[in-house]
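Welcome! Below are some exercises with worked solutions, meant to be followed with the structure open beside you.

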Amino acid sequence: MRAALVGVDFGQGDFAASIEELNLLARSAGAEPVATITGKRSSPDAAYFVGSGKADEIGHAVLDQKLEIVIFNHALSPAQQRNLEKRLNIRVLDRTSLILDIFAQRAKSHEGKLQVELAQLQHLATRLIRGWTHLERQKGGIGLRGPGETQLETDRRLIGERVKMLRARLAKLRKQHETQRRSRGRSQTFSVSLVGYTNAGKSTLFNAVTKAGVYAADQLFATLDTTSRRVYMGEEVGNIVLSDTVGFVRELPHQLVAAFRATLEETIHADLLLHVVDAASPVRMEQIEQVNLVLKEIGADHIPQILVWNKIDATGLEPAVERDEYDKISRVFISARTGQGLDLLRAAISEAALDAQEASLHPQEDVAPDSISTFTHAGSH
């Protein structure tokens, strides 16, 4: 599907990296970006987001290059999206809808599909407000006094009922997860979750450590469903549980953070987070910050964290371990693809597991409970 990508530079953050990410997102969704239209503004235009002059420029590109879809690198209001579609006479997608579409394509598990559908319906419900003209028509109610329900009210009610049902199903699944976690807790299994920006190499690392054969590809959101495996870490530590989670992305739609709470709860209940960073990315510090923002939003910002600088084979860095002022491991430099530094990472996980065991035996001696580093120790190497 031939697409135009549209981005507006409001003077915040790395605009070029943001457009490059939109390109990757569009390709991940199956679109073929053939035109990129950018502009600068101090604030969005109320009617078209980009202003009428830029809207005309997009319209010319649509005709000249036979485009089938226009994708915005921003969240559009329902009115802006409707105005643009009317003016351009073509389907317009915003960033939120694009990410939801990718999630819908990638969800494999029953739970993943339920969560995506819930997020899509919540997003659709916002689009029904001031709905398209067909929604304003009255439905004739034969034998009923008065005009009957409007299509808009019916759609709202049906969406509301479906959302309620999906939430109930997800709550049931959450209880099942809770039971599984409790049994893990009783056996005192140390739990580790991989988190990180999408495409940082989490699934590749998960496969390298667990030999699990989880789908890993050089694309955004290759993995959506949380996968957990037991990994034997030697006699002293025994088994740990390692979980691979969904990748994060800048401006992750709120509906997805809410809908994927059950999936991300593996993260909330972990004993240790391995925050996987693409060491080769020029915007890695921004990505670290974005991940930490989402972790804060889901209540996982208090969990000890080790930064895993992945893809050192692409940067010329050597496998290494860095420690913070409390002598706790703060960063490990590895390549999941080549296997460089994986022994250092295993040693770091084992050390954290033994520290946690020690802390649970002597809680009063735990002087620095949150000292495994977060992104404050993540200066560039």
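**Exercise 1. Classify F10 and F49 as buried, partly exposed or exposed.**

Solution. Start with F10, whose relative accessibility is 24%. Buried means under 20% and exposed means over 50%, so F10 counts as partly exposed. Now take F49: at 6% relative accessibility, F49 counts as buried. Keep in mind that this is a predicted model, and the values here are computed from it.

**Exercise 2. Find how the rings of F10 and F49 are arranged, and say what parts of the chain they join.**

Solution. Step one is the count: the protein has 3 aromatic pairs. F10 and F49 make one such pair, with 5.8 Å from centre to centre and 80 degrees between the planes. Planes over 60 degrees apart count as edge-to-face, and that is the label for F10 and F49. Next, locate the residues. F10 lies in the loop between β1 (2-9) and α1 (15-28), while F49 lies in the loop between β2 (32-40) and α2 (52-64), so the pair ties together parts that are 39 residues apart in sequence. Finally, look for a further partner: F10, F49 and F72 form one aromatic cluster.

**Exercise 3. Describe the pair formed by W309 and F333, and find the charge that sits over the ring of W309.**

Solution. The ring centres of W309 and F333 are 5.8 Å apart and the planes meet at 45 degrees, so this pair is tilted. W309 belongs to strand β9 (residues 305-310) and F333 to strand β11 (residues 329-333), so to speak of the pair is to speak of a link between distant parts of the chain, 24 residues apart. Both W309 and F333 are buried. As for the charge, the charged end of R331 sits over the ring of W309, 4.8 Å from its centre. You can look for a second case of this kind at Y48, where the charged end of R87 sits over the ring, 4.8 Å from its centre.

**Exercise 4. Work out the surroundings of V50.**

Solution. First place V50: the loop between β2 and α2 holds this residue. At 4% relative accessibility, V50 counts as buried. Then list the contacts, leaving aside neighbours within four places in sequence: V6, V8, R41, D45, A55, I58 and F72. To finish, check L84, which is 34 residues from V50 along the chain; their C-alpha atoms are separated by 9.6 Å.

**Exercise 5. Which residues of α2 are buried, and how are they placed around the helix?**

Solution. Begin with the length. The 13 residues of α2 should span 18 Å at 1.5 Å a residue, and the end C-alpha atoms are indeed 18 Å apart. The buried residues are A55, I58, G59, A61 and V62. Seen down the axis of α2, they fall within an arc of 160 degrees, so they line one face of the helix. On the other side of α2, G53, H60, L63 and D64 are exposed. The buried residues of α2 pack against β1, β2, β3 (69-72) and α3 (78-88). Just after α2 comes K66, with a positive phi of about 50 degrees.

**Exercise 6. Repeat the analysis for α10.**

Solution. Helix α10 (residues 284-297) has 14 residues and reaches 20 Å between its first and last C-alpha, close to the 20 Å expected. Its buried residues are R284, Q287, I288, V291, N292, V294 and L295. Viewed down the axis of α10, these fall within an arc of 160 degrees, so they line one face of the helix. Just after α10, G299 has a positive phi of about 80 degrees.

Methods. Residues are numbered from 1 along each chain as its sequence is written. This is a predicted model: local features need pLDDT of at least 70, side-chain atom pairs count only at pLDDT 80 or more; totals for chains, interfaces and linings use all residues. Side-chain values use heavy atoms; hydrogens and water are left out. Helices (H or I, at least four residues) and strands (E, at least two) are DSSP runs, numbered from the N terminus. The expected span of a helix is 1.5 Å times one less than its number of residues. Buried means under 20% relative accessible area, exposed over 50%, partly exposed in between (1.4 Å probe, protein chains only). The arc is that of the directions from the helix axis to the C-beta atoms. Rings of Phe, Tyr and Trp (its six-membered ring) pair if their centres lie within 6.5 Å; planes under 30 degrees apart count as stacked, over 60 as edge-to-face and the rest as tilted. A charge sits over a ring if NZ of Lys or CZ of Arg is within 6 Å of the ring centre and within 35 degrees of the ring normal. Contact means heavy atoms within 4.5 Å.
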